[in-house]
Amino acid sequence: MRGAQRALCLLLLASASLAALLLHLWAPKGPPSVDLRRPPPERLPPPPGPPGRAYPHVPFRVKEEVMELLPRNGCSCEAEAEAGLALPLHRRLFGPGPAGLDFASAFSPGERPRQLREREREYRNYRNRVQTPADRLLIVPANSPLEYPAQGVEVRPLQTVLVPGLSLQAPARNRYQVNLTASGTLAVAAEVEGVALRGEGQPHLSLAAAHLDHLNRQLQFVTYTNTQFHPDTADIVQFSTDGHSAAFAIRIRHPPTPRLYGPGSAGDSDGDGDGDSDSGDGGYNISALVTVATKTFLRYDKLRGLIASIRRFYPSVTIVVADDSQRPEPLAGPHLEHYLMPFGKGWFAGRNLAVSQVTTKYVLWVDDDFIFTARTRLEKLVDVLERTSLDLVGGAVREITGYTTTYRQRLSVRGGGAGGDCLRTRPGFHHRLAGFPACVVTDGVVNFFLARTDKVRQVGFDPRLRRVAHLEFFIDGLGVLHVGSCEDVVVDHASKLALPWRRSEGERQYNRYRYPAARDDSVRLKQRLFFFKNRFKCMAGD
C-alpha cells in the first residue's frame, strides 16, 4: 500500500513538472531585447577607401584650382582677403576679423589635453547615435544585370513593405538565381509557379527559376520586414546574382508628426493702424499667425516704447516679455504676457522662456529697444514664409543716424580632423530669393526676424550664454534653419546716444552687463562652448 502511494506521488510530481514545462513552452514570449548601448559596426559608414581600380600606369595632371575646393583633413582660420564694408559693431556681434580666434586659448595649457580627450569621446558617441547605414557610401558596379531601387524605399519600424523595382536582366541560360540579404526578414507576398524559394521569413532569401520572366514576376512580390525597433535608421540590402552584386538602403523610420496651425480668417488683418495698406500683404491675420517675443532687462522705458509702437499698428497681436530684472516693474495691457525670471538669468535663457510660451505658427523676435513704424510690415515677412521653404526671415534695423543694416552673414565650416573644425563668418548672402526682389538667402541675420516657431524651438538658445550672444543661435542652426533676409521690412532702433551724466542708474547697470570687458568670463565661456559643444578649434571672420 505504501509503495503504491509513493508511486502515485512520483507520478503526480512528474505530471506537474511536465505541465510546467509545457506551459513555459506554450506561453507567449515577450519581444526580444535589443542592445542600444553600442550600435552594430555596420550602422557606421566606413571611411572612403582607395578606388577599386588604381590604374597606376596612367599619368595625370593635378588641377590646383579644383583641388583647393575639395575638403581636406585639416583646416586653419587664416582669413582670406575679401572686399566688404566694415559694419558697426561687427566684431562684437559676429566675431573676430582676419586674425582669427583660437578657441583652445580659452583653456589653460594643463586643461587642454583633457578637454580634447573628453570632446573626442563625446563626438564618437554623438556619431554613433545619429549616423545610420543610409549614410554609407554605395558604389554601383558597372554593367550590372541587377535592377533595384536606388532610393525612396521606406518602412515604418517593425512593419512590412513591398520592395519595388527588383529585376534581373541577364542573357539566356538554363537557370536564373538571385539572392537577397538584409538585417530584417525577407519574404514574398505571392508565389509564382516555377520559382523555387529558399529562406522565406529569414534575413537571407534565394529565388531561382528556369524562366527569367517567372523570376522577375516573383521579384515584384518580395517584401521586407523590419525586426529591430528604431525610430529612425536604415537597413542595407545586398542583392546578388552570378558574378554581380549590389546594395541599396531601406529607410526605417516613423514619419515626422506634423504640427499644423490654423491660418485665421483671411482678410482679418491687424494692419489697421496708422500704416498704409499693401496689396502685396496677402490679407494675413497677423494676430492669429504671429506672436511678438522679446527679452528685457532693466530698460522699462525702452520696453514701453516698443509695446506702444506695436499697438499702433497691430493692436491685438500677442506680445510675450521675458524679464530678468532685479526689481521687476508691472506691465499691464491686453494681449500682453509678462514672465519673470531670476535676476540676471540671461539673454538666451530669456529667449527660450519667451519662445516656449508662443502658440502661433510664427514668432517675431525683437529687441526691447526697437520701435515699429509704417515700414515695419509684418505681412511681408509672413508672405515670404508662407510662399517659400524658408524657416526664418530677417528684416532691417534703422539707427537714429539713418544707417540701416540687415547684418547678413554667410557661415561655413571646414573639416579639421581630430583637432576640430574651422568656422568662418563672412558678410553677405548666397543668392537672391526668386519672387521677392528685396530678399536674399543667407545664414545669419540681425535681431529682428520672423521664424517658424517649431524650428526655433528645435534649435533652441543655449542658456549658458547670458550676456553677449547672437550668432551662436544661427551656428547651432546650421543644417536645420533655412534663413532669408528682406531689406524692405524695417524697424527703428531707439537712440542709445546719451551724455554719461544724464544716464540713469538703470542704464549704467544695463551697460555694465551688456558690454563686458574683453577678458570677461562670459567671453571666455563662449569660446569654451565653441571649442567643446560645437567642436570648433578656431573661427575667422572677414
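This report describes the disulfides, a four-stranded sheet, the nonpolar cores, a covered helix and a buried aspartate in a predicted model.

**Disulfides**

The structure contains three disulfides. With the bonded cysteines counted along the chain, their pattern is 1-3, 2-6, 4-5. The table lists each pair with its sulfur separation and its torsion.

| Pair | S to S distance | Torsion about the S-S bond |
|---|---|---|
| Cys 75 and Cys 422 | 1.9 Å | about 90° |
| Cys 77 and Cys 538 | 2.0 Å | 85° |
| Cys 439 and Cys 486 | 2.0 Å | 110° |

The disulfide of Cys 75 and Cys 422 is right-handed, because the torsion about its S-S bond is about 90°. This pair links distant parts of the chain, 347 residues apart: Cys 75 belongs to the loop between helix 2 (64-67) and helix 3 (90-94), while Cys 422 belongs to strand 20. Cys 75 has a relative accessible area of 14% and is buried. Cys 422 is likewise buried, with a relative accessible area of 4%.

The link of Cys 77 and Cys 538 is also right-handed, with 85° about the S-S bond. Cys 77 lies in the loop between helix 2 and helix 3 and Cys 538 lies in strand 25, so this disulfide ties together parts that are 461 residues apart in sequence. Cys 77 and Cys 538 are both buried.

The link of Cys 439 and Cys 486 is right-handed, with a torsion of 110°. Its two ends lie in strand 22 (residues 439-442) and strand 24 (residues 483-493), where Cys 439 and Cys 486 respectively are found, 47 residues apart. Both of these cysteines are buried.

**The sheet around strand 20**

Strand 20, which carries Cys 422, is part of an open sheet of four strands in the order 1-25-20-19, with mixed pairing. Strand 1 (101-102) and strand 19 stand at the edges with a single partner strand each, so one side of each lacks a neighbour in the sheet.

Strand 20 spans residues 421-427 and is mostly covered, with six of its seven residues buried. On one side, strand 20 pairs with strand 19 (residues 409-414) in the antiparallel sense over six bridges. Within this pairing, Arg 414 has Cys 422 as its bridge partner, and Cys 422 is also the residue bonded to Cys 75. Strand 19 and strand 20 form a hairpin with six residues between the strands, in which Gly 417 takes a positive phi near 75°.

Strand 20 is also joined to strand 25 (residues 536-541), and here the two strands run parallel, with five bridges between them. Leu 423 stands opposite Met 539 of strand 25, and Thr 425 stands opposite Gly 541 of that strand. Strand 25 holds Cys 538, the partner of Cys 77. Strand 20 and strand 25 thus each contain one end of a disulfide whose other end lies in the loop between helix 2 and helix 3.

**Nonpolar cores**

In soluble globular proteins, nonpolar side chains tend to be buried together. The largest nonpolar core in this model has 41 residues, and the members that touch the most others are Val 290, Leu 364, Phe 372, Phe 448 and Leu 450. Helix 7 (residues 300-313) gives the most to this core, contributing six residues. A second, separate core has 38 residues, among them Ala 104, Phe 348, Trp 365 and Val 456.

**Helix 8**

Helix 8 (residues 347-356) is mostly covered, with seven of its ten residues buried. These are Trp 347, Phe 348, Ala 349, Gly 350, Arg 351, Ala 354 and Val 355. Phe 348 is also a member of the second core. The covering of the buried residues includes strand 12 (290-296), strand 13 (318-323), strand 15 and strand 23 (449-452), together with helix 10 (453-459) and helix 11 (471-476).

**Asp 367**

Asp 367 is located in the loop between strand 15 (362-365) and strand 16 (370-371). Which side chain of opposite charge is nearest to this buried residue? That side chain is Arg 351, 5.2 Å away, and Asp 367 has no salt bridge. Because a salt bridge requires a separation within 4 Å, the 5.2 Å between Asp 367 and Arg 351 does not qualify. Arg 351 is itself one of the buried residues of helix 8. Leaving aside residues up to four places away in sequence, Asp 367 touches Thr 294, Leu 306, Trp 347 and Asn 447. Of these contacts, Trp 347 is another buried residue of helix 8.

Terms used: Residues numbered from 1 in each chain as written. Predicted model: local features only at pLDDT ≥ 70, side-chain atom pairs only at ≥ 80, totals over all residues. Heavy atoms only, no water. Buried < 20%, exposed > 50% of the residue type's maximum accessible area, 1.4 Å probe, protein only. Lys, Arg positive; Asp, Glu negative; His and termini not counted. Contact = heavy atoms within 4.5 Å. Pairing = 2+ DSSP bridges. Core = buried A, V, L, I, M, F, W, Y, C linked by side-chain atoms within 4.5 Å. Disulfide = S-S within 2.5 Å.
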